[in-house]
Amino acid sequence: MSTFNTRCPSCKGINRVPVERVSEMASCGKCKSHLFDGAPIEGTSDNINALLSANTPVVIDFWAPWCNPCVGFAPVFSDVAQERLGQMRFVKIDTEANQALAAQYQIRSIPTIMIFKNGKKIDMLSGALAKGQFNSWLDAALNKSSN
């Protein structure tokens with residue numbers, strides 16, 4: 001059974017998760033918070049393939065700590081992640097710490113937001129959005145994928 005490590009979005013503790021169980025509501029071994037829903041997940045090369053392979057739609061925010069629009073968009077991303085608990089998963093990938101992932105997904109500007117469903121990219125946008133615009137974009141992208 002293969003596993004990957006993921007950081008708890010609540011207590012920042014490291015948890016080992018079997019790849020086969022990524023679609024389940026896994027809880028942190030330390031604080032018992034949900035690992036994959038309700039708060040953005042830290043995306044890494046260790047966990048991204050497992051997260052994308054789950055049935056749940058995945059929204060990825062490619063960002064960097066020095067990027068002012070990225071930092072400004074972070075609360076919007078977190079709020080929407082909490083509001084859409086159980087509907088989709090939200091992942092943040094720090095392009096400075098994960099340069100290979102940034103190259104793999106051809107990130108040319110940040111923030112770049114991508115949405116995946118069943119492992120396939122269904123839409124992307126570059127730049128930060130207000131909360132209402134972000135929610136509208138997510139709804140439109142999900143509707144586009146179901147047609």
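Trainee: Which residues do ring pairs link into a cluster?

Mentor: In this predicted model, the cluster joined by ring pairs consists of Phe73, Phe77, Phe90, Phe134 and Trp137.

Trainee: And how is the pair of Phe73 and Phe134 arranged?

Mentor: Phe73 and Phe134 meet edge-to-face, with 5.1 Å from centre to centre and 85° between the planes. Phe73 belongs to helix α2 (residues 68-83) and Phe134 to helix α4 (residues 131-145), and the pair thereby links distant parts of the chain, 61 residues apart.

Trainee: Are those two buried or exposed?

Mentor: Phe73 has a relative accessible area of 2% and Phe134 one of 0%; since buried means under 20%, Phe73 counts as buried, and Phe134 does as well.

Trainee: How many aromatic pairs are there by the ring-centre rule?

Mentor: The count comes to seven aromatic pairs. Among them is Phe62 with Tyr105, whose ring centres are 5.7 Å apart and whose planes stand at 45°, so this pair is classed as tilted.

Trainee: Why does the pair of Phe62 and Tyr105 tie together parts that are apart in sequence?

Mentor: Because Phe62 sits in strand β4 (residues 58-63), whereas Tyr105 sits in the loop between α3 (99-104) and β6 (112-117), the pair ties together parts that lie 43 residues apart in sequence. Phe62 and Tyr105 are both buried, and in β6 the bridge partner of Phe62 is Thr112.

Trainee: Switching to the sheet, what is the strand order?

Mentor: The order is β3-β5-β4-β6-β7, in an open sheet of five strands with mixed pairing. β3 (41-42) and β7 (120-126) are at the edges with a single partner strand each, so one side of each has no neighbour in the sheet. Further in, β4 and β6 pair in the antiparallel sense over five bridges.

Trainee: Which strands does α2 lie across?

Mentor: Helix α2 lies across β4, β5 and β6, and its direction is at about 160° to that of β5.

Trainee: Now the largest nonpolar core: which residues touch the most other members?

Mentor: Of its 25 residues, those are Phe36, Ile48, Ile60, Val91 and Tyr105. Two or more residues come from each of α1 (48-53), β4, β5 (89-94), α3 and β6, with α1 giving the most, four residues.

Trainee: What does Ile48 touch, leaving out residues up to four places away in sequence?

Mentor: Ile48 touches Ile60, Val91, Ile93, Leu101 and Tyr105 on that basis. There is also a second, separate core of 16 residues, which includes Phe90, Ile115, Ala141 and Leu142.

Technical notes
Residues numbered from 1 in each chain as written. Predicted model: local features only at pLDDT ≥ 70, side-chain atom pairs only at ≥ 80, totals over all residues. Heavy atoms only, no water. Phe/Tyr/Trp six-rings, centres within 6.5 Å; stacked < 30°, edge-to-face > 60°. Buried < 20%, exposed > 50% of the residue type's maximum accessible area, 1.4 Å probe, protein only. Core = buried A, V, L, I, M, F, W, Y, C linked by side-chain atoms within 4.5 Å. Contact = heavy atoms within 4.5 Å. Pairing = 2+ DSSP bridges. Axes fitted to C-alpha atoms, helices over the stretch in contact; angles between N-to-C directions.
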